[in-house]
Amino acid sequence: MTDTRDDTVHYGGSAGGWGSVTGMAKVFKRELSTPGTLDTLMRQNKPEGYMCASCAWGKPASPHSFEFCENGAKATIWDLTRDRCTPDFFREHRLADLRDWSDFDLEMQGRLTAPMRYDAASDRYLECSWDEAFSGIAAAMTPLDPKSVVYYASGKASLETSYLYALLARAHGNNNLPDSSNMCHETTSVAMKKVTGSPVGTCVLEDFEHCDAILYFGQNPGTNSPRFLHPLQDAVKRGCKIIVFNPVKEVGLMRFVDPQNPVQMLTQTPTQLAHMYLQVRPGGDLAAVLGLARHVLARDDAALADGRPSVLDTDFLAQHTHGWEAFRDEVRATAWADIEDHSGLTRADLEAAADVYVAAERVIAVYGMGLTQHVHGSQSIQMVVNLMLMRGNIGRQGAGMNPVRGHSNVQGQRTVGISEKPELVPLDRLAEQFGFDPPRDQGLTTVDMCEGIRDGSVKAFVSLGGNLARAVPDSAMMEDAWRALPLTVFIATKLNRSHIVHGQASYLLPCLARPEEDMQASGPQAVSIEDSFSHISGSWGKRSPASPKLKSELAIVAGIAKALLPPNPKMRWDDWTADYALVRDAIAETYPDEFHDYNARMWQPGGFYRGNGAHDRVWKTESGKAEFTVPTVLSALGVGRAEGRFHLITMRSNDQFNTTIYGMDDRLRGLSGSRMILLINPDDMKRHGLRQGDVVTLAGDAGDDVRRAVGGLTVTPFDLPDGCVGGYYPEMNPLVPLWLHDEASKTPASKGVPVRIERAGGA
């Protein structure tokens with residue numbers, strides 16, 4: 001495996017190590033966090049402790065002494081800052097002026113401290129009481145058609161809050177419950193459910209203790225889920241081989257120094273992670289995996305010709321799958337030349353990777369948004385499932401599909417009812433349980449919501465966390481439409497751009513952060529979350545709240561519901577706010593198979609497992625079996641290659657979590673000082689007459705005659721495939737057309753955006 005090119009900007013160190021420790025210390029020092037922050041970190045992701053509000057990686061039953069990573073620590077420190085964004089700040093700043101501020105500078109004002117309402121005459125947020133906020137929101141919503149109201153959730157709110165939020169929306173009269181899944185992993189929910197019957201991954205955390213090989217697609221653990229580096233390191237030390245498919249050479253998949261290993265820290269001798277690192281073209285994973293399948297068939301043909309056993313799991317194929325023959329025939333009919341062209345990889349490399357797959361008894365396929373955020377992302381995921389089914393690598397120990405989620409409870413929110421798809425929610429049970437008739441029509445996805453904001457059919461937007469105005473595609477064009485909304489409501493901990501790109505009436509409702517003590521009438525309250533492995537864990541907040549005027553997310557949702565909805569004795573908003581255990585009882589009544597004995601089990605070390613049919617080879621599909629699918633394309637890109645066209649990959653830095661920017665450094669890529677950069681292969685630079693340091697504009701090239709552009713980007717040589725450029729999310733979002741999304745799930749295609757490079761004076 002070759003390392004990163006010498007003529008590119010790159011990081012020569014390892015993931016983890018002293019760089020990780022220094023990164024945490026820098027944020028801790030800048031944020032002047034409270035002394036209790038250290039205690040919170042020591043309790044983080046441990047039984048009876050605080051569940052990290054960063055990513056959704058699993059919580060082990062036997063945790064490390066320090067069961068937090070660099071990004072998890074940054075998220076906690078960020079929440080527990082001593083900085084405060086008080087009403088005085090808004091008296092000093094008009095919102096029109098704040099629109100010129102960066103994302104970083106807005107959040108650096110610190111924790112919001114009091115409920116606020118927008119005053120159009122002064123263009124400022126003004127402090128109001130909670131009763132004024134709730135009654136004002138209800139007064140603004142009541143005249144509106146309930147179908148014109150959207151209830152968005154960011155993916156961080158607890159299961160208890162999420163359940164009540166979904167109940168509020170349906171009691172109001174709509175299924176408009178998009179969440180951050182729509183932006184990243186809805187492709188998984190759609191693609192996996194069709195072929196395995198499960199909308200989520202099929203692995204549990206312990207599977208990584210038994211796998212022999214890992215196929216790793218389009219995900220960066222060094223930045224997005226650093227705690228994952230520990231099981232990857234352990235697997236490699238056991239002899240497991242990791243094959244990486246990623247256009248970007250990520251240090252977190254190449255070298256790791258364990259910060260909890262004194263010998264590694266003193267010697268700085270890293271563990272080499274990837275056995276092979278294949279820089280696939282954007283959207284080329286589909287062709288690459290088909291190439292693996294083609295070589296597996298060739299190996300099987302050779303084995304049978306020699307009188308040896310089949311390399312396929314023929315019993316599994318016969319008993320558990322449907323559609324095998326059609327898929328097999330399509331693979332045989334696909335030419336290697338086409339596979340190499342679309343994947344950007346050589347036949348020899350793909351055959352070597354397939355040999356690793358064949359030699360391994362148990363294989364896990366790991367993937368992230370590099371697979372999901374494409375026009376044909378669903379087909380890419382299903383192609384990986386095809387490969388895994390060939391050798392029975394789903395539904396047994398040490399094997400399976402493992403999508404890596406971002407927000408800490410984004411999977412759990414879907415589990416307890418936050419979904420625009422009514423067929424995924426037990427509506428009949430809710431009707432009986434709460435004495436109302438839930439709406440049965442399809443709700444709005446995030447893309448649908450954006451289209452509704454632009455055409456005026458969406459009238460009100462309620463946001464449970466998040467920074468959606470900054471996160472959506474076509475964000476520059478969306479902002480004007482956003483400000484035309486009659487009503488926006490934001491439940492948040494810190495100021496962000498969505499709050500200053502607001503509706504004509506707007507409310508900013510500050511909430512507790514997860515590490516803070518949540519004191520209600522019955523005493524301190526715990527909440528629970530679901531990790532990527534379908535395990536439910538409880539979380540206690542212990543820190544003093546940032547302001548006495550804060551309410552919990554659950555209490556805010558209940559307050560809106562009480563003011564907006566007609567009285568219903570079965571909807572016990574006051575009782576639920578006083579005692580969250582009663583909410584968990586209600587969840588268990590709605591979902592008895594998964595949440596029985598909820599309150600008793602939520603403190604189980606490692607969390608309690610809510611189950612997964614595909615994990616147990618119970619296939620809840622139309623055929624009752626795992627489905628092979630035949631791809632209709634060889635590239636997941638919706639707009640193909642052309643002369644002068646590049647495909648942009650939007651990326652996150654080492655110093656950010658989604659739209660939250662902790663700083664201007666991207667240590668693991670060797671970048672610092674600015675986020676307005678264009679990463680490009682040195683050979684492409686030469687072909688297009690570019691030099692390092694040139695300042696250029698990226699212009700959209702999707703073919704719809706809409707001018708999309710982001711300027712002021714500094715050309716930076718970086719190790720990427722030919723025809724591929726990289727830039728930071730969310731700064732590059734104005735280049736992503738709203739209509740460019742996965743065909744099945746409407747997930748934005750942010751990992752393959754067609755663009756052209758424009759220099760001063762023209763293209």
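This is a short walk through the pockets, salt bridges, strands and backbone oddities of one predicted model.

Okay, thanks everyone. Please keep in mind that what you have on screen is a predicted model.

Let's start with the empty space. Rolling a probe the size of a water molecule over the atoms shows where empty space is left. How big is the largest pocket in volume? The largest pocket comes out at about 820 Å³. It has 31 lining residues, and the ones closest to its centre are Lys 193, Pro 199, Leu 424, Glu 594 and Arg 610. If you want to find the walls by eye, look for helices α9 (186-196), α20 (410-415) and α29 (592-595), each of which supplies at least two residues of the lining. Helix α9 gives the most, with four residues. As for the chemistry, the lining of this largest pocket splits into nine nonpolar, 12 polar and 10 charged residues.

The second largest pocket has a volume of about 370 Å³. Here 17 residues form the lining, and Pro 60, Leu 205, Glu 209, Pro 231 and Asp 234 are the closest to the centre. By class, that second lining has seven nonpolar, four polar and six charged residues.

On to salt bridges. How many does the structure hold? The total is 46 salt bridges, and I'll pick out three.

My pick for a starting point is Arg 94 with Asp 97, where the closest N and O atoms are 3.2 Å apart. Are these two side chains buried, partly exposed or exposed? Arg 94 has 34% relative accessibility, so it counts as partly exposed. Asp 97 sits at 38%, so it is partly exposed as well.

Next, Arg 584 and Glu 160 form a salt bridge with the closest N and O atoms 2.8 Å apart. This pair links distant parts of the chain: Arg 584 is in helix α28 (residues 580-590) and Glu 160 is in helix α8 (residues 159-172), with their positions 424 residues apart in sequence. Both Arg 584 and Glu 160 are buried.

And then there's Glu 420 with Arg 414, a salt bridge at 3.2 Å, N to O. Why do we call Glu 420 buried? Its relative accessibility is 1%, and the cut-off for buried is under 20%, so Glu 420 qualifies. Arg 414 has a relative accessible area of 17%, so it falls under that cut-off too. The two belong to a network: salt bridges that share partners join Asp 179, Glu 186, Arg 414, Glu 420 and Lys 421.

Now some strands. Strands of a sheet pair through backbone hydrogen bonds, either parallel or antiparallel. Strand β13 (residues 363-367) and strand β14 run parallel, joined by four bridges. If you want a register marker, Ile 364 stands opposite Gly 400 in β14. In a regular strand the side chains alternate between the two faces of the sheet. Strand β14 (residues 400-403) has Gly 400 and Asn 402 pointing one way and Met 401 and Pro 403 the other way, and all of them are buried.

Further along there's a closed barrel of six strands, running β24-β30-β27-β29-β28-β31 with mixed pairing. Ignoring direction, neighbouring strands of this sheet are turned by 45° against each other on average. Within the barrel, β27 (residues 677-680) and β29 (residues 709-717) pair in the parallel sense over four bridges, and Ile 677 has Thr 714 in β29 as its bridge partner.

Just ahead of β27 comes the loop from β26 (660-661), and Ser 672 is in that loop. Ser 672 is exposed, with a relative accessible area of 55%.

Last topic: backbone oddities. Most residues other than glycine have a negative phi, and most peptide bonds are trans. Which peptide bond is cis here? The one from Tyr 729 to Pro 730 is, with omega near 5°. Pro 730 lies in the loop between β30 (724-728) and β31 (753-758).

For positive phi, I have two residues to show you. Glu 48 has phi near 65° and lies in the loop between α2 (36-43) and α3 (70-79). Ser 534 also has a phi near 65°, and its place is in the loop between β20 (526-530) and β21 (535-540). Their surroundings differ: Glu 48 is partly exposed at 45% relative accessibility, whereas Ser 534 is buried at 1%.

That's my tour, so over to you.

Note on methods
Residues are numbered from 1 along each chain as its sequence is written. This is a predicted model: local features need pLDDT of at least 70, side-chain atom pairs count only at pLDDT 80 or more; totals for chains, interfaces and linings use all residues. Side-chain values use heavy atoms; hydrogens and water are left out. On a 1 Å grid over the protein atoms alone, a cavity is a set of points where a 1.4 Å probe fits but cannot get out, and a pocket is an open set with protein on both sides within 12 Å along at least five of seven lines; lining residues have an atom within 4 Å of a point. Grid points are joined across faces, edges and corners, and a volume is the space filled by probe spheres set on the points. Ala, Val, Leu, Ile, Met, Phe, Trp, Tyr, Cys and Pro count as nonpolar, Asp, Glu, Lys and Arg as charged, and the others, Gly among them, as polar. A salt bridge is a side-chain nitrogen of Lys or Arg within 4 Å of a carboxyl oxygen of Asp or Glu. Buried means under 20% relative accessible area, exposed over 50%, partly exposed in between (1.4 Å probe, protein chains only). Two strands pair if DSSP finds at least two bridges between them. Axes are lines fitted to C-alpha atoms, for helices over the stretch in contact, and angles run from 0 to 180 degrees between N-to-C directions.
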